[in-house]
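Me: Before I set up any calculation on this model, I would like to go through its geometry with you, question by question.

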Amino acid sequence: MPVWHLRDYHEDDLDQAIQIWDQSRGADEDRVFPVSEVMAAAKSGQSAVVAVVGDELVGMAVAQSYARRGWILLVALASRWRERGIGSALVAELERRLRAAGVRHISALLPAHAAGTKALANSGYQSRDDLTYYEKLEPPGTADADVLAALGGRMLPEGLWDAMAGMEREKQVIERRVVLPLTEPVLADRYGVVPPKAVMLFGPPGTGKTSFAKAVASRLGWPFVELFPSRLAADTGEGLAAALREVFAELAELDSVVLFIDEVEEIAAVRSGKAVDPGHGVTNELLKLIPVFREHDARLLACATNSVRSLDPAFLRPGRFDYVIPIGPPDPTARSAIWARYLRAAATDAVDLARLVEASKLFTPADIEYAARKGAQAAFEREVTRRQGGPATTDDYLTAIADTRPTLTARAIEEFTEDIDKHSRL
Ligand SMILES: Nc1ncnc2c1ncn2[C@@H]1O[C@H](COP(=O)(O)OP(=O)(O)OP(=O)(O)O)[C@@H](O)[C@H]1O
Ligand SMILES: [Mg+2]
């Protein structure tokens, strides 16, 4: 009577299984089926048998099958338990299971002197020396790279988060609600915090919604894919809905992604209820696609809109968007930080920041960026045309401010405040 017996592989066996796998491979042996693949097959209910002595795992065999074909992926034996017929018994048990599953043709690929070769020879397997094994290893991430390129996506540089000046309120909300649960999943789970899958950013033009979405992707180290409804909408109605479906299907192939949809009101505006409304089908399509998108880990949908009030209320429901975050006009502190970011290094000390901040009251970050560039340009032109050197002065920037039409109006700020009351969810 053998002291060992066979049983099904359990997930608890994993640690011991890997030890045996290590013991039964040659020092420089490179397996055809890597351990991750074998264990994945064992876990997924493919044929996997182990030999045990008491609590100790001494052998393991794993196969994978489809239709009438079975592949033996692994026959491994603990070194002390070789030459006792365990290998042959494992193979026989695997075969029994494969046959029961309809398999009629069993193959195995093993390195020449691997532990399992003897068991296979003893079990009647013919080795074939007329075959050559070919393989092509794609560099890691290649499949992703292809999908990403097809979607027009890319990896963003590090540091975009830190480049966001001022906007402390927005930064804090986004960091705590969105970034940290995704970068600290274990901790989040321990505290019962569910990481977000979709967020809506709303606010007036140029306040930094797109920049925040990119900054989040940069911090997560996830690829960034931007969807332009206006470009998808080269054709409308059914065409656009189908295009959306296709993009979402391709996204499912990526390991991780931040999907950004700007001007989302273009595709998710209030449904008019008219059967012929061409936007209607698209809104419905997006409503259907978001729950599926939410099922996958490591993905975040970030939508942005200047007009949150025109969005379909069904679209904003908590089950679809975890947070609806206002990205507001910069307050004086934020304006000061943004000015400082855009002033030429040489100008920082010479310029009266407080006056610029005061003069740029209804400016968005985008307006400040524009005015700062204009001020620097004036100083540059003075140097080139009149050789009157020196960096841009406070007056250069004040002139630039006077020449810049602010994006914000009192009315826009009022509306934004109403929107915060009515729509924001943090
Ligand atoms: N906090 C910030 N610090 C520095 N620059 C910023 C900041 N926020 C935005 N900007 C700059 O302002 C410009 C506009 O920002 P962005 O495109 O992100 O705004 P937006 O809210 O997406 O605008 P829109 O509604 O028009 O799409 C960008 O060039 C960006 O670099
Ligand atoms: Mg934008």
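What follows is a set of questions and answers on a predicted model, moving from the whole chain to single residues.

Me: Into which domains is the protein chain divided?
Reply: The secondary structure of the protein chain comes to 19 helices and 10 strands. The domain assignment divides this chain into three stretches, namely domain 1 (5-122), domain 2 (143-328) and domain 3 (332-407).

Me: Is the protein chain more spread out than a compact globule or not, and what is its radius of gyration?
Reply: The C-alpha trace spans about 95 × 60 × 45 Å along its principal axes, and the C-alpha centres of domain 1 and domain 2 lie 45 Å apart. For 426 residues the globule rule gives 22 Å, and the computed value is well over this, so the chain is more spread out than a compact globule, with a radius of gyration of 31 Å.

Me: Among contacts between residues at least 6 apart in sequence, what share joins residues at least 24 apart?
Reply: As background on packing, 38% of the 426 residues of the chain count as buried. Among the contacts that you ask about, the share that joins residues at least 24 apart is 77%.

Me: Between which domains does ligand 1 lie?
Reply: The shell around ligand 1 has 19 residues, and those that come nearest are Gly 208, Lys 209, Thr 210, Ser 211 and Pro 365. At least two shell residues are supplied by each of α9, α15 (332-342) and α17 (365-386). Since residues of the shell are given by two domains, ligand 1 lies between domain 2 (143-328) and domain 3 (332-407).

Me: How many residues of the shell around ligand 1 are charged?
Reply: By residue class, the shell around ligand 1 holds 8 nonpolar and 7 polar residues. The remaining class in this division is the charged one, and the number of charged residues is 4.

Me: At which residue does helix α7 bend?
Reply: The buried residues of α7 are Glu 170, Ile 174, Val 178 and Leu 182. In an α-helix there are 3.6 residues a turn, so residues three or four places apart point the same way. The cover over the buried residues of α7 includes α8 (185-190), β6 (198-202), α9 (209-220), β9 (299-305) and β10 (323-326). Helix α7, which runs over residues 168-183, bends by about 40°, and the residue at the bend is Glu 175.

Me: Which helices are included in what covers the buried residues of α15?
Reply: In α15 the buried residues are Ala 334, Arg 335, Ser 336, Ile 338 and Trp 339. The cover over these buried residues includes three helices, which are α7, α16 (353-359) and α17.

Me: Is Leu 201 buried or exposed?
Reply: Leu 201 lies in strand β6, and its C-alpha atom is 5.8 Å from that of Pro 326, although the two are 125 residues apart in sequence. Beyond its neighbours within four places in sequence, Leu 201 is in contact with Lys 209, Phe 212, Ala 213, Ala 302, Ala 304, Ile 325 and Ile 327. A residue needs 20 or more C-beta atoms within 10 Å to pass the cut-off, and because Leu 201 has 27 such neighbours, it counts as buried.

Me: How many C-beta neighbours does Gly 87 have inside 10 Å?
Reply: Gly 87 lies in helix α3, and leaving aside neighbours within four places in sequence, its contacts include Gly 59, Val 75, Leu 77 and Ala 115. Between Gly 87 and Arg 31, which are 56 residues apart in sequence, the C-alpha separation is 18 Å. Gly 87 counts as buried, and its number of C-beta neighbours inside 10 Å is 27.

Me: In which loop does Glu 83 lie?
Reply: Most residues other than glycine have a negative phi. Glu 83 is not a glycine, yet its phi is positive, at about 60°. With 8 C-beta neighbours inside 10 Å, Glu 83 counts as exposed, and its place is in the loop between β4 and α3 (86-100).

Me: What is the phi of Ala 67 near?
Reply: Ala 67 lies in the loop between β3 (56-66) and β4 (69-77), and it is exposed, with 10 other C-beta atoms within 10 Å. Its phi is positive in a residue other than glycine, and the value is near 50°.

Terms used. Residues are numbered from 1 along each chain as its sequence is written. Chains are lettered from A and ligands numbered from 1 in the order in which they are written. This is a predicted model: local features need pLDDT of at least 70, side-chain atom pairs count only at pLDDT 80 or more; totals for chains, interfaces and linings use all residues. The bend at a residue is the angle between axes fitted to the seven residues ending there and the seven starting there. Helices (H or I, at least four residues) and strands (E, at least two) are DSSP runs, numbered from the N terminus. A residue is buried if 20 or more other C-beta atoms lie within 10 Å of its own, exposed if 12 or fewer, and partly exposed in between; C-beta atoms are placed from the backbone. Two residues are in contact if their C-beta atoms, placed from the backbone, lie within 7 Å. A residue is near a molecule or strand if its C-beta atom, placed from the backbone, lies within 6 Å of it. Ala, Val, Leu, Ile, Met, Phe, Trp, Tyr, Cys and Pro count as nonpolar, Asp, Glu, Lys and Arg as charged, and the others, Gly among them, as polar. Domain bounds come from an automatic or database domain assignment. The radius of gyration is taken over C-alpha atoms; the globule rule is 2.2 Å times the number of residues to the power 0.38.
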